[in-house]
Amino acid sequence: MVKAERKPIEEIKDAINGYEKVLVTGCGGCVSVCLVGGQREVNELNAQLNIYLKNENIEKQLDGYTVERQCNDQFLEELEPKIDNYDCLLSMACGAGVQNLAKRFPKIPVFPVVNTVSIGIDKDIGMYEERCRACGHCVLGYTGGICPVTRCSKGLFNGPCGGTNNECCEVSQEIPCAWLDIFNRLKAQDRLDDIKKIYVPMEWHNQTPRTIIQEPYEKRYSV
Amino acid sequence: MESDTKPDTQPEMKSEMKSGSNFEKILKAGHFAFTGELGPPRGCNVEHIKEKASFLKGNVDMVNITDNQTAMVRMSSWAAAIILMGEGLEPNYQMVCRDRNRLAMQADLLGAYAHGLRNILCLSGDHQQFGDHPFSKGVFDIDSMQLVAMVKKMRDEGKFLGGADIDQPPKMFIGAAANPFAEPFEWRVHRLAKKIEAGADFIQTQCVYNMEKIREWIKQANDMGLTEKTYILPGVTPMKSIGMARYMQSKVPGMDVPDEIIKRLRGVNRKKVADEGIAIACEQIEEFKEMKGVAGVHMMAIEWEHKVPEIAERAKVLPRPEV
Ligand code: SF4
């Protein structure tokens, strides 16, 4: 799922500077799962902001409301009657949610609370690792289920490079070399022939905004 | 030069010239090649290039011109290469995948060839995080393997990567790098095989200090018939100091510096350390001259260009052959 982390409180404070009534809008989707943008985090942010504002003697009305998902218009409906009471919105959602919220309510400024970081896995509670860059052309089949685009720092398709160092990537002793992992996994599966072939240049499918229509729905959207 | 000629060097490669570069001719004539390296300046200092070039002239067959090495901004490698050519030296134009996409790479190649560059070394490039712009966007549109294949396609098929015909294709002598010392060792020879299949005419390796490992790697390459398909030049970098040796051992990714090297440097008088470093390098070169499957040596005297005449002399690789 999408993983995100909260922006520094200073940046959030700066964003709402000059707006009196602020609605902090949570999202019950991915950001809630990765413990950064659900109802609980809305409450925490508001409490934190209130302390800051109080210290600086600034009067603001901070409210919170969490919808099921900000990336679907239907779930934004319930905000309709509230919106007019506010000067700006803070969105706790990922980049997609923020944009959807801003589009749904184009008259009111919307500011992001989080930085959307990755599509990743749960390593442990509150700890997430990136696994996918949504390149649109999945090669995991020949790399033993380890993504070279995401996990190799140079996104190599014919690795490993010459920088593999103590089983780690040349950029850090904390990042395992993806291609060493690919090699080891394929070797264990007796599939090294898969990477003896030269993988041809990638067709990057993520260079223009993409819209997908799942096959069963194609008819529905064709004119 | 009789002693310079290897008897049984790569017969099948002798055939037709691919680029007609001096370096290619030297290899195809069976001479033991000796190449050097020059890092372009961090500015427009042309004199700096000329000065470094003066130490290399007559002592090496070709000079690698690095491309934003260690991800620090420098004069572009093709531009520095052209200046070097004006000094009567043959450049090896290095190109990394970090800084440009496939359009820019092909465009630069056309320009480089039009200006007379004939050798190219295709590299992935050090990660930008190491350099002076650590948060720049790394391009890596294609990787070094794919770059080799692209340059070959342009040369042999006269076509761009996208498939369109090239009006006068660039005919480059294509090089690639190899690091026999990085993990996983058993994969490194297969990676070499891939680079050759992609189109590498010659290979320059990472700096060699672990002779045992390079012997093993070259033997594997011989056994797989790879040394008959490409020219391999192991990289040699003389140690200037114990500090440098320790830095290379612990800080440079993919570098294999055995403790014996450091022990040897420690064993001599402090004033003699650099001299001992050169002695070690010369011993390596002597061994490479005799090693089956090795076509030459790539001398990377990093910021030590002025020592190259002495090194070449002591390594007995002079005079360089005229072809
Ligand atoms: S060391 Fe491994 S993960 Fe890092 S850039 Fe090289 S191949 Fe990729």
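A pocket, as the word is used here, is an open set of grid points with protein on both sides within 12 Å along at least five of seven lines, on a 1 Å grid over the protein atoms alone. In this predicted model, the second largest pocket has a volume of about 980 Å³. The briefing then turns to the cavity that holds the ligand and to an open sheet of 3 strands in chain A.

**The second largest pocket**

- The lining of the second largest pocket is made up of 30 residues, and those closest to its centre are A:Arg133, A:Val149, A:Thr150, A:Cys152 and A:Ser153.
- Elements of both chains give two or more residues to this lining, namely β7 (127-132) and α7 (148-151) from chain A and α4 (102-114) from chain B.
- Sorted by class, the lining of the second largest pocket holds 10 nonpolar, 10 polar and 10 charged residues.

**The cavity and the ligand**

- The count of cavities of 30 Å³ or more comes to 1, and the largest cavity has a volume of about 110 Å³.
- Lining the largest cavity are 16 residues, of which A:Cys152, A:Ser153, A:Cys161, A:Cys169 and A:Cys177 are the closest to its centre.
- By class, the lining of the largest cavity comprises 10 nonpolar, 3 polar and 3 charged residues.
- The ligand sits in this largest cavity, and of the 13 residues around the ligand, the nearest are A:Cys152, A:Cys161, A:Cys169, A:Cys177 and A:Ala178.
- The shell around the ligand is composed of 8 nonpolar, 3 polar and 2 charged residues.
- A:Cys152 therefore belongs to several of these descriptions, being listed among the residues closest to the centre of the second largest pocket, among those closest to the centre of the largest cavity, and among those nearest the ligand.**The open sheet of chain A**

- The 3 strands of the open sheet are arranged in the order β1-β6-β7 in chain A, and their pairing is antiparallel.
- β1 (2-6) and β7 of chain A stand at the edges with a single partner strand each, so one side of each has no neighbour in the sheet.
- Direction ignored, neighbouring strands of this sheet are turned against each other by 70° on average.
- Strand β6 of chain A, which covers residues 114-124, pairs with β7(A) in the antiparallel sense over 5 bridges.
- A:Ile121 has A:Glu129 in β7(A) as its bridge partner.
- β7 of chain A, an edge strand of this sheet, is also one of the elements that give two or more residues to the lining of the second largest pocket.

Notes:
Residues numbered from 1 in each chain as written. Chains lettered and ligands numbered in written order. Predicted model: local features only at pLDDT ≥ 70, side-chain atom pairs only at ≥ 80, totals over all residues. Heavy atoms only, no water. 1 Å grid on protein atoms, 1.4 Å probe; cavity = no way out; pocket = protein on both sides within 12 Å on 5 of 7 lines; lining within 4 Å. Points joined across faces, edges and corners; volume = space filled by probe spheres on them. Helix = DSSP H or I, 4+ residues; strand = E, 2+ residues; numbered from the N terminus. Nonpolar A, V, L, I, M, F, W, Y, C, P; charged D, E, K, R; others polar. Near = heavy atom within 4 Å. Sits in = over half its atoms within 2 Å of the grid points. Pairing = 2+ DSSP bridges. Axes fitted to C-alpha atoms, helices over the stretch in contact; angles between N-to-C directions.
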